[in-house]
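Biologist: Please show me the model and take me through it. I will ask; you answer from the coordinates.

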Amino acid sequence: TTEADLAPVTNGVAYFGSHYTHFWYELDREPPHALLRHSTEWCLPSDAGASRCEVVQFVTGLEVAHGGGHVVLAYGVNDCEARMATLPVEEVLRMLDQGVKAGRQVHDLPDRRRR
């Protein structure tokens with residue numbers, strides 16, 4: 001799978017208005033682990049067509065594999081199937097940069113921990 005294979009987010013929504021999408025994010029490795037950057041929304045391509053995605057799709061696992069050159073994604077489709085996809089790390093980093101280029105702002109959420 002390459003970034004070109006990842007479907008852009010379309011107008012498809014579920015019966016009750018759900019809209020499943022994904023995005024990558026990078027956190028600072030030092031506490032409090034601030035959000036540094038994130039990608040634009042994306043989804044994995046559907047069997048119905050590479051430019052489409054299922055209405056219900058969610059990544060449930062991620063592993064860096066192949067000597068650090070790829071990420072393996074485990075994901076669910078329509079609450080019925082489990083699938084896996086492999087994506088080069090270079091594509092993930094490129095997608096993070098595109099989120100920045102698209103002018104997406106990074107906002108930290110307020111600290112809601114109980115004191």
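**Loop, core and salt bridges**

Modeller: Threonine 40 sits in the loop between strand S2 (35-38) and strand S3 (57-65). Helices (H or I, at least four residues) and strands (E, at least two) are DSSP runs, numbered from the N terminus. This is a predicted model: local features need pLDDT of at least 70, side-chain atom pairs count only at pLDDT 80 or more, and totals for chains, interfaces and linings use all residues. Residues are numbered from 1 along each chain as its sequence is written, and side-chain values use heavy atoms, with hydrogens and water left out.

Biologist: How far apart in space are threonine 40 and methionine 95, C-alpha to C-alpha?

Modeller: In sequence, 55 residues separate threonine 40 and methionine 95. Methionine 95 is one of the residues of the largest nonpolar core. Threonine 40 counts as partly exposed, because its relative accessibility is 24%; buried means under 20% relative accessible area, exposed over 50%, partly exposed in between (1.4 Å probe, protein chains only). The C-alpha distance between threonine 40 and methionine 95 is 7.3 Å.

Biologist: Which element gives the most to the largest nonpolar core?

Modeller: A nonpolar core is a set of buried Ala, Val, Leu, Ile, Met, Phe, Trp, Tyr and Cys residues joined through side-chain atoms within 4.5 Å. The largest one has 12 residues in all, among them Trp24, Trp42, Leu73 and Leu96. Strand S4 (70-77), strand S5 (81-88) and helix H1 (89-101) each supply at least two residues of this core. With four residues, the element that gives the most is S4.

Biologist: What pattern does the protein follow along the sequence?

Modeller: The secondary structure comes to one helix and five strands. Of the 115 residues, 28% count as buried. Read along the sequence, the pattern is β-β-β-β-β-α.

Biologist: Which element has the lowest mean pLDDT?

Modeller: pLDDT is the predictor's confidence in each residue, from 0 to 100. The protein averages 78, and 70% of the residues score at least 70. Among the elements, S4 has the highest mean, 94. The lowest, at 85, belongs to H1.

Biologist: Over which residues is the pLDDT below 50?

Modeller: Beyond near neighbours in sequence, this stretch has two contacts in the model. Contact means heavy atoms within 4.5 Å. The stretch with pLDDT below 50 is residues 108-115.

Biologist: Why does the salt bridge of aspartate 47 and arginine 83 tie together parts that are apart in sequence?

Modeller: A salt bridge is a side-chain nitrogen of Lys or Arg within 4 Å of a carboxyl oxygen of Asp or Glu. The side chains of aspartate 47 and arginine 83 meet at 3.0 Å, N to O. Aspartate 47 lies in the loop between S2 and S3 and arginine 83 in strand S5, so the parts they tie together are 36 residues apart in sequence.

Biologist: Is glutamate 54, a salt-bridge partner of arginine 83, buried or exposed?

Modeller: Arginine 83 and glutamate 54 meet at 3.5 Å, N to O. Arginine 83 has a relative accessible area of 16%, so it is buried. At 8% relative accessibility, glutamate 54 is buried.

Biologist: Which residues do salt bridges that share partners join into one network?

Modeller: The structure holds six salt bridges. One of them joins the side chains of glutamate 81 and arginine 83 at 2.9 Å, N to O. Glutamate 81 counts as partly exposed at 42% relative accessibility. The network is Asp47, Glu54, Glu81 and Arg83.
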